Amino acid sequence: MAELKLRLFITALLLTAFFISGEVPKPESTDDSLYYMSYDSDLIIQPSVSSRMFFLNFSSSDSESTSIEYRPNVPLNLGMQASYKQWGISASYGLLNGRDSTKYGETDYQDINLTYYSDSWGLDTYYMRYKGYYISNTSDLVSSPPENGVMIQQGDMECYNIGADFFYTIAGDNFSLKSAFKNSAVQLKRAGAMMLMTSYNYISFSNDKPLIPEEQISYYGQAAAFSESSYHSVSLLPGFGYSFVLSHFYFTPVIFAGPAYQWQSYETLSKDARDYSVSSETIKAQILMMKYNIRLATGMNFNNFYCGFHAYLDVTDIANPKENLQMSATVLDATLFGGIRL
């Protein structure tokens, strides 16, 4: 039944785009000097189908160790975004079931975004909570293949990713952010811009037992027994974006990269204790790391309708120089959408 709903949604989206493309001209301006044009519509409704997740990679500085890849078992999502003037809010729920829960476990999650976009600056705020992970490369960590393909599961592993990204155009007045990522304007001519992003990010995860599998504990020192951690990051990321325009079609990549200053705290056990209730210790550190944020939007624009594809990748590096632990926290999103300007 869920697969049928998905097929019907995508078919309706494509048919609507086909009929509208033949009847509605591309928005045009009588002023040839304009590079973008805003719409008069105050309200925009945008349904979508997406695959979105928050996942973690652990590794050791020991060259003989194997990385540990934690993934949530999340389904394909049906989402809805509503925008009024510059403000927008979006939420989603599972459209299809996740992968076989016997092999991959179950994940409970909430994912909410609140955004604000003008032509020259934007604000993204987000709340992500995921509970229930599995190790996707289990076969690389164990001495014998897992029975029936069952992955190592951490059903009580709970992760939060909460924060805000503020970005601003510092050079390039002909480039419109809300055209690329909110669709309340249209880019009439190709243009680019230099930008700057500042962000605050809180990441935490906890579990009822240590997160490093038995087969890897010798490579992680004292950090092998940690099961609870939190990270506050403040970032400053220069970036560049460019919109390519051809008739109805647009293609806009935006890339940010820069340093992130982190305040870290996590609980560890003594090397010979795997019971979290025994001999726990809190380790704190401050360190400068890197953060990467990549956004891609492509699609077709018409007077009152638009459709397209949006991809998002956000990677925060995490490491503690006092331990052998290295980590990265990643948000990955791929969305197919269509919207109506009212």
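**Strand E15, the largest cavity and buried salt bridges**

Asp333 counts as buried, because its relative accessible area is 9% (buried is under 20%, exposed over 50%, partly exposed in between; 1.4 Å probe, protein chains only). The model is predicted, so that local features were taken at pLDDT of at least 70 and side-chain atom pairs at pLDDT 80 or more, while totals for chains, interfaces and linings use all residues. Residues are numbered from 1 along each chain as its sequence is written, and side-chain values rest on heavy atoms, without hydrogens and water.

Asp333 is located in strand E15, and its partner in a salt bridge, Arg52, in strand E2 (strands, E, of at least two residues and helices, H or I, of at least four are DSSP runs numbered from the N terminus). Strand E15 covers residues 325-341, and 12 of these 17 residues are buried, which leaves the strand mostly covered. On one side of the pairing scheme, E15 is joined to strand E2 (residues 43-60) in the antiparallel sense, over 15 bridges (two strands pair if DSSP finds at least two bridges between them). Within the E2 pairing, Ser48 is placed opposite Phe337 of E15. Strand E14 (residues 305-319) is also an antiparallel partner of E15, again with 15 bridges. Here Ala311 faces Ala334 of E15. In a regular strand, side chains alternate between the two faces of the sheet.

Two cavities of 30 Å³ or more are present in the structure (sets of points on a 1 Å grid over the protein atoms alone where a 1.4 Å probe fits but cannot get out; lining residues have an atom within 4 Å of a point). The largest cavity has a volume of about 690 Å³ (the space filled by probe spheres set on points joined across faces, edges and corners). Its lining consists of 42 residues, and those closest to the centre are Arg52, Gln81, Ser90, His310 and Asp333. Strand E15 is the main contributor to the lining of the largest cavity, with six residues. Arg52 and Asp333, both in the group closest to the cavity centre, are also the two partners of a salt bridge.

Seven salt bridges were counted in total (a side-chain nitrogen of Lys or Arg within 4 Å of a carboxyl oxygen of Asp or Glu). In the pair formed by Asp333 and Arg52, the closest N and O atoms are 3.4 Å apart. This contact connects distant parts of the chain, since Asp333 in E15 and Arg52 in E2 are 281 residues apart. Arg52, like its partner, is buried, because its relative accessible area is 12%. The contact does not stand alone: Arg52 and Asp333 are linked with Asp111 in a network of salt bridges.

A second salt bridge joins the side chains of Arg129 and Glu158, with an N to O distance of 2.8 Å. Arg129 is in strand E7 (residues 121-135) and Glu158 is in strand E8, so this pair ties together parts that are 29 residues apart in sequence. Both side chains belong to buried residues: Arg129 has a relative accessibility of 13%, and Glu158 has one of 17%.

A third salt bridge is formed between the side chains of Asp314 and Lys291, at 2.9 Å from N to O. Asp314 lies in strand E14 and Lys291 in strand E13 (residues 280-301), and the two residues are 23 positions apart in a pair that links distant parts of the chain. Asp314 is buried at 5% relative accessibility, and Lys291 is buried at 0%. Asp314 thus places a salt bridge in E14, the strand that pairs with E15 over 15 bridges.

Two loop residues have backbone angles of note. Asn183 is not a glycine, yet its phi is positive, at about 60 degrees. The residue is part of the loop between helix H4 (177-181) and strand E9 (185-187). Asn183 counts as buried because its relative accessibility is 2%. Ser247, which is not a glycine either, has a positive phi of about 55 degrees. Ser247 lies in the loop that runs between strand E11 and strand E12 (249-269). With a relative accessibility of 44%, Ser247 counts as partly exposed. Another partly exposed residue is Met194, at 40% relative accessible area; Met194 belongs to strand E10.

Note on methods
On a 1 Å grid over the protein atoms alone, a cavity is a set of points where a 1.4 Å probe fits but cannot get out, and a pocket is an open set with protein on both sides within 12 Å along at least five of seven lines; lining residues have an atom within 4 Å of a point.
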